[in-house]
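Let's walk through this one together, starting in the middle of the fold and working outwards. Have the sequence and the 3D view open side by side.

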Amino acid sequence: QLEWIPSDTRVVEVSVRSGTKDVRFSNPMSTTVPVRSLVRFLAEWLSLPEGDWGMVSAGRPLDDSTILDDLPGTGPVAVELRVRDS
């Protein structure tokens with residue numbers, strides 16, 4: 001079911017854990033972009049190694065179709081980018 005969501009931005013505190021690099025940064029991101037697209041962009045932008053990367057927030061893996069608007073709160077949100085099942 002499709003639902004109209006007004007676009008906004010939210011500060012996202014991203015931490016990336018991989019065997020070769022650990023990176024942390026904050027950046028405003030659109031609240032309506034699917035996690036799948038954010039993960040693909042970040043993996044390419046950060047030149048991460050091949051893998052099934054996913055996003056985790058508050059210890060729970062986020063579904064690829066989740067958008068930041070689905071997460072509770074309106075302030076900064078912390079996420080971790082990591083290879084799934086790791």
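**Starting from the central strand**

Strand β3 is covered on both faces: Trp-53, Met-55 and Ser-57 are buried on one side, and Gly-54 and Val-56 are buried on the other. Buried here means under 20% relative accessible area, exposed means over 50%, and partly exposed is in between, with a 1.4 Å probe and protein chains only. With 5 of its 5 residues (53-57) buried, β3 is largely enclosed by the rest of the structure.

Before going further, a word on ground rules. This is a predicted model, in which local features need pLDDT of at least 70 and side-chain atom pairs count only at pLDDT 80 or more, while totals for chains, interfaces and linings use all residues. Residues are numbered from 1 along each chain as its sequence is written, and side-chain values use heavy atoms, with hydrogens and water left out.

Now, what does β3 pair with? On one hand there's β5, joined to β3 in the antiparallel sense over 4 bridges. On the other there's β4, also antiparallel to β3, with 2 bridges between them. Two strands count as paired if DSSP finds at least two bridges between them. Val-56 shows both partnerships nicely: it stands opposite Glu-80 in β5 and opposite Pro-61 in β4.

Zoom out and you can place those strands in the whole sheet. The 5 strands form an open sheet in the order β2-β1-β5-β3-β4, with mixed pairing. At the edges sit β2 (22-30) and β4, each pairing on one side only. As a reminder, strands of a sheet pair through backbone hydrogen bonds, either parallel or antiparallel.

Along the sequence, the elements come in the pattern β-β-α-β-β-β, giving 1 helix and 5 strands in total. These are DSSP runs numbered from the N terminus, with helices being H or I of at least four residues and strands E of at least two. The radius of gyration is 13 Å, close to the 12 Å that the globule rule gives for 86 residues, so the protein is as compact as a globular protein of that length. That radius is taken over C-alpha atoms, and the rule is 2.2 Å times the number of residues to the power 0.38. The C-alpha atoms fill a box of roughly 40 × 25 × 25 Å, taken along the principal axes.

**Across the strand and onto the helix**

Back to Glu-80, the β5 residue opposite Val-56. Is this glutamate buried or exposed? Glu-80 is buried, at 17% relative accessible area. Setting aside residues up to four places away in sequence, Glu-80 touches Ser-15, Arg-17, Gly-54, Met-55 and Val-56, where contact means heavy atoms within 4.5 Å.

Next, look at Val-39 in helix α1. Val-39 has a relative accessible area of 7%, so it counts as buried. Beyond its neighbours within four places in sequence, Val-39 is in contact with Trp-53, Gly-54, Met-55 and Leu-81. The C-alpha atoms of Val-39 and Gly-54 are 6.4 Å apart, with these positions 15 residues apart along the chain numbering.

Contacts like these can be viewed across the whole chain too. Among contacts between residues at least 6 apart in sequence, 59% join residues at least 24 apart. Buried residues make up 35% of the 86.

**Out in the loops**

Thr-66 sits in the loop between β4 (60-61) and β5 (77-83). Despite the loop setting, Thr-66 counts as buried, at 11% relative accessibility. Leaving out residues up to four places away in sequence, Thr-66 touches Val-33, Pro-34 and Val-35.

Two other loop residues are worth a look for their backbone. Most residues other than glycine have a negative phi. Ser-47, however, has a positive phi of about 55 degrees. Ser-47 lies in the loop between α1 (35-45) and β3, and counts as exposed at 57% relative accessibility. The second is Ala-58, which takes a positive phi near 55 degrees in the β3-β4 hairpin, where 2 residues lie between the strands. Ala-58 is exposed, at 80% relative accessibility.
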